Amino acid sequence: VRASRDGMWFGDLDFTYNINGEHCNLGYIGMDVCVDLCPKLVHKHGQLRLKNYGKSWVYVYLPQLTLDKFKSYVKTGTGWDVSNEGTVYDPNRNLVAIEAQLHHQTGQPKPSFWAVKDKDAPGDMSFSRIGTVQEVNEHPHQQRVHRGVGIFSVSMEVEGSPNFKPTPRAGDKANLCFTLVSVRTWGVTDCVAPIVHAPNKWY
């Protein structure tokens, strides 16, 4: 856990997995999601409404139940309740959109994009890397909603003071930041309507 100048405290989450009877901690979590690479609307003056979309961040859609389960993991592991900051809830589809960050600066490992080779082949699926998320997003035929597994690193921020580490208290909530590390997709879906402009945030 580390403090910033403005009094916010940051920490990276890790996750305990049981792999063949062995418990290990990893800095990543995988979730079934839909990754939105669809083009976004622009202002009539030509300015993007969603700045740097597809370069530094994307919308990722997941069921409300999945996000609620993830929040319960965070509560159990850290003691903190989680806010809805950075999420958009669609009550018509019972889906939540989260703003997933993408590494894009020079020297940072950009998120990789993997596509299934042959989803109808017997046995376990195999995937091939077709580029980074940013590279795939530049191809018009890939500007769709992709269904698959997203691998994320997750950090948490809580409000405090520079000199005192905050502790969980009733009514206080932490904000989560999801960073998309890798995507393994088995195809596109037309069953999820993408966000096309800056939405109202329903809580």
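Good morning; this short talk covers the salt bridges and two further residues of a predicted model.

I begin with the charged pairs. Side chains of opposite charge can pair when their charged atoms come close. The structure holds four salt bridges, and I shall describe three of them, starting with D36 and K40. Their side chains meet with N and O 2.5 Å apart. D36 has a relative accessibility of 0%, so it counts as buried. K40 is buried too, with a relative accessible area of 14%.

In the next pair, R93 joins D90, and the closest N and O atoms are 2.6 Å apart. Here D90 counts as buried at 14% relative accessibility, whereas R93 is partly exposed at 27%.

The pair I take last is R144 with D190, at 2.9 Å between the closest N and O atoms. This salt bridge links distant parts of the chain: R144 lies in the loop between helix 2 and strand 12, D190 in the segment after strand 13, and 46 residues separate them. R144 is partly exposed at 30% relative accessibility, while D190, at 67%, counts as exposed.

Let me turn to Q134, in helix 2. Is Q134 buried or exposed? Its relative accessibility is 9%, under the 20% limit, and therefore Q134 counts as buried. Its side chain reaches the backbone oxygen of K55 at 3.0 Å. Beyond its sequence neighbours within four places, Q134 contacts several residues, including G54, L102 and H103.

Finally, C24 belongs to strand 4 and is partly exposed, with a relative accessible area of 26%. Outside four places in sequence, C24 is in contact with F15, T16, Y17 and I19.

Key: Residues numbered from 1 in each chain as written. Predicted model: local features only at pLDDT ≥ 70, side-chain atom pairs only at ≥ 80, totals over all residues. Heavy atoms only, no water. Helix = DSSP H or I, 4+ residues; strand = E, 2+ residues; numbered from the N terminus. Buried < 20%, exposed > 50% of the residue type's maximum accessible area, 1.4 Å probe, protein only. Contact = heavy atoms within 4.5 Å. Polar contact = N/O pair within 3.5 Å; in protein donor to acceptor, adjacent residues only side chain to side chain.
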